[in-house]
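Me: I am new to this structure and should like to understand the terms applied to it. Please show it before we begin.

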Amino acid sequence: MYVPVPCTGKGNHGGGFLYNKIMEIMKHLKGDINSVSPTESIPILSGNSSAGSISLMFPLNYVGNLHQQGMCSNYVRSRSSYRKELKSVDSGSSNKRLLNNASSWLWDNDRTSGYRFSLSPCQRMLKLQPRFAIGTAFCRGNKPLLQEYQHYWEVEVTSAIYGTDIMVGVAMSTMNTSNVKASSISLLGSDNTSWGLSLRTGQVYHDGISHSYCESVEMGSVIGIHVDLWKGTLRFYINKVVYDVAFTNITVNNNQMESLYPIVCSTAADTKFVLKRSITSPTTLSYMALSKLMRDDGEYDKQLISLPHIIRQSLTDDYPWITESINI
């Protein structure tokens, strides 16, 4: 079984750039992509231009090499299987199955998933510590983050940042919250089951250890969080500014039935968050090629802009944390 990777033309312009990036990945596998014939097709990337179309046939037996080198077989996961998996974890109807630029998850209105919070009917506008503060309030997303997928969400802080701490990040379903009612604490990162950024100090926390990461965050700021559950990394964006990877080696122990969730917490009264968007996208060859651009300091901006509209729009819908940072 083989996977076609359609790209638009060779060369140093238009789709040729994406072609070259994907070819780099192919060479990394040391596989001969021209000596085989397909028996089944799984589309990864599609698009046409005046330059014509090139179809690269990728043998799936090389996927094992990807996995051995820390890469996952979801390189070749098709969009149809991705949509089926999202549907399987969504208990709602089709108008609640939110893909791409909509929301793949919302704040959880289940009281067992948080402490001292209130939600708007759309479950996007969240208030922690309504009216007055007691202990450490928190609320998590209503769906776990899918293993081996790319996850990105943005929250806007619409209230003053003060008190012991206000934090954003991720946490395991096994995170210890037994002391939140009695203590005002920096909850996220206080043990090894959560990872968090303090908006008040700009420090990141995990397993009781903290270090400086960015400047303190102001009211009205938009915080982007990218969790790569293929590589196990977490990175923050503050008002579209990209920061370094904050955490590595984020793993979920499936043997212990653990799940990883987006989460926010606060010790301050009337802390308000707005979930602007949340996106879950598969890890594909096109994503891996595109993600390399974050290290190229904008060198390829003009070439990306000249990509065919259908490819450019697909990349923007699925991976906005990259495309917006390089002005695609």
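Reply: What follows concerns one sheet, its strands and one residue. This is a predicted model, in which local features need pLDDT of at least 70, side-chain atom pairs count only at pLDDT 80 or more, and totals for chains, interfaces and linings use all residues. Residues are numbered from 1 along each chain as its sequence is written, and side-chain values use heavy atoms, with hydrogens and water left out.

Me: What makes strand 12 and strand 13 a pair?

Reply: Two strands (DSSP runs of E, at least two residues) pair if DSSP finds at least two bridges between them. Strand 12 (residues 222–228) and strand 13 (residues 233–238) are joined antiparallel over 6 bridges, so they meet the definition. Among the partners, V227 faces L234 of strand 13.

Me: Why are strand 4 and strand 14 said to stand at the edges?

Reply: The open sheet has 7 strands, ordered 4-5-16-7-12-13-14 with antiparallel pairing. Strand 4 (117–119) and strand 14 (241–247) each have a single partner strand, so one side of each lacks a neighbour in the sheet.

Me: Why is strand 16 called largely enclosed?

Reply: Buried means under 20% relative accessible area, exposed over 50%, and partly exposed in between (1.4 Å probe, protein chains only). In strand 16 (residues 271–281), 8 of the 11 residues are buried, so the rest of the structure largely encloses this strand. Strand 16 is joined antiparallel to strand 5 (residues 125–128) by 4 bridges and to strand 7 (residues 150–157) by 8 bridges.

Me: Why does Y243 count as partly exposed?

Reply: Y243, in strand 14, has 23% relative accessibility and therefore counts as partly exposed.
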